[in-house]
Amino acid sequence: MLRIIRWSAIGLVAILAGVWAGVWYRGQGPDIAATTLGLPGSVEIGGPFSLVDSTGQSVTDANFRGRWMLVYFGYTFCPDVCPTELQAMAASLEALGPLSAQVAPVFITVDPERDTPKAMGEYVKLFDDRLVGLSGTQAQVSVATKAYRVYAVKSESKASSTYLMDHSSFVYLMGPDGKLRMLFKPGTSGADIAAGIKAKMNVP
């Protein structure tokens with residue numbers, strides 16, 4: 001199973017590299033923050049999941065129907081990239097102003113062994129009260145990571161008693177129908193994420 005998830009994620013990265021290369025070739029420049037994916041019809045990203053929020057309540061993808069979703073996969077012990085991406089998500093909500101009410105920002109752990117629902121709830125509030133932190137059993141998280149083609153592998157060191165998680169780092173914009181609308185590459189600014197969301201909402 002892990003091998004399948006790993007190769008699916010690597011395949012996604014390869015497809016995205018091709019998309020961004022095409023954008024570069026067409027002269028749009030290297031600073032493009034996001035792109036609408038022209039993925040093969042057989043490649044689907046996103047899908048059903050059942051996880052647990054900070055109050056211990058079950059949350060599924062169906063709970064977010066009718067709203068846009070910003071989804072990011074990471075973990076609370078992440079030393080750098082996760083805080084950066086969550087800050088960008090929070091900044092995008094501020095930039096959206098009243099439109100942010102139509103967006104559900106969701107942070108899903110790839111490390112349920114340490115990230116309990118309570119820990120996730122406390123962690124996301126460090127960035128924005130609107131962020132929803134979701135955890136669950138390893139089996140539940142695996143369903144979500146597989147649906148979103150997320151690469152996540154435990155990286156252990158003999159010199160340390162703790163561990164890190166190697167993981168992909170994209171921010172997914174899902175439409176009100178639960179379908180992928182846009183994918184933001186790592187390092188995209190909050191302003192650019194907000195601009196991408198507005199474009200998909202057809203809002204000036």
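Two strands are said to pair if DSSP finds at least two bridges between them, and the strands themselves (E, at least two residues), like the helices (H or I, at least four), are DSSP runs numbered from the N terminus. This is a predicted model, in which local features need pLDDT of at least 70 and side-chain atom pairs count only at pLDDT 80 or more, while totals for chains, interfaces and linings use all residues. Residues are numbered from 1 along each chain as its sequence is written, and side-chain values use heavy atoms, with hydrogens and water left out.

The protein has 5 helices and 10 strands. Of its 204 residues, 47% are buried, where buried means under 20% relative accessible area, exposed over 50%, and partly exposed in between, computed with a 1.4 Å probe on protein chains only. If a contact is taken as heavy atoms within 4.5 Å, then among contacts between residues at least 6 apart in sequence, 70% join residues at least 24 apart.

A convenient place to enter the fold is strand β9, residues 171-174. Strand β4 (residues 68-74) runs antiparallel to β9 and is joined to it by 4 bridges, with tyrosine 72 standing opposite valine 171 of β9. Strand β10 (residues 180-184) also pairs with β9 in the antiparallel sense, over 4 bridges, and here tyrosine 172 stands opposite leucine 183 of β10. The hairpin of β9 and β10 has 5 residues between the strands, and in this hairpin glycine 178 takes a positive phi near 85°.

In a regular strand the side chains alternate between the two faces of the sheet. In β9 both faces are covered, with Val171 and Leu173 on one side and Tyr172 and Met174 on the other, all of them buried.

Tyrosine 172 also leads to the aromatic contacts. Rings of Phe, Tyr and Trp (its six-membered ring) pair if their centres lie within 6.5 Å, and planes under 30 degrees apart count as stacked, over 60 as edge-to-face and the rest as tilted. A search of the whole structure finds 6 aromatic pairs. One of them is formed by phenylalanine 73 and tyrosine 172, which meet edge-to-face at 6.1 Å centre to centre with 80° between the planes. This pair links distant parts of the chain, since phenylalanine 73 belongs to strand β4 and tyrosine 172 to strand β9, 99 residues apart. Both phenylalanine 73 and tyrosine 172 are buried.

A further pair involves phenylalanine 107 and tyrosine 123, whose ring centres are 6.0 Å apart and whose planes stand at 35°, so the pair is tilted. Phenylalanine 107 lies in strand β5 (residues 103-109) and tyrosine 123 in helix α3 (residues 117-124), so the pair ties together parts that are 16 residues apart in sequence. Phenylalanine 107 is buried at 0% relative accessibility, and tyrosine 123 is buried at 13%. Ring pairs link Tyr72, Phe107, Tyr123 and Phe127 into a cluster.

Charged side chains meet a ring at tyrosine 163. A charge sits over a ring if NZ of Lys or CZ of Arg is within 6 Å of the ring centre and within 35 degrees of the ring normal. Arginine 114 lies over the face of tyrosine 163 at 3.6 Å from the ring centre, and the charged end of lysine 154 sits over the ring of tyrosine 163, 4.4 Å from its centre.

Arginine 114 takes part in a salt bridge as well, with aspartate 111, the closest N and O atoms being 2.6 Å apart; a salt bridge requires a side-chain nitrogen of Lys or Arg within 4 Å of a carboxyl oxygen of Asp or Glu. Both ends of this bridge are buried, aspartate 111 at 2% relative accessibility and arginine 114 at 18%. The count comes to 6 salt bridges. Arginine 65 and aspartate 61 form one with their closest N and O atoms 2.8 Å apart; here arginine 65 is partly exposed at 41%, whereas aspartate 61 is buried at 11%. Arginine 181 bridges to aspartate 177 at 3.1 Å between the closest N and O atoms, and there arginine 181 is partly exposed at 27%, as is aspartate 177 at 39%. Salt bridges also link Glu94, Asp128 and Arg130 in a network.

Finally, with a disulfide taken as a pair of cysteine sulfur atoms within 2.5 Å, the count is 0 disulfides. Cysteine 78 is buried at 7% relative accessible area, and cysteine 82 is buried at 0%.
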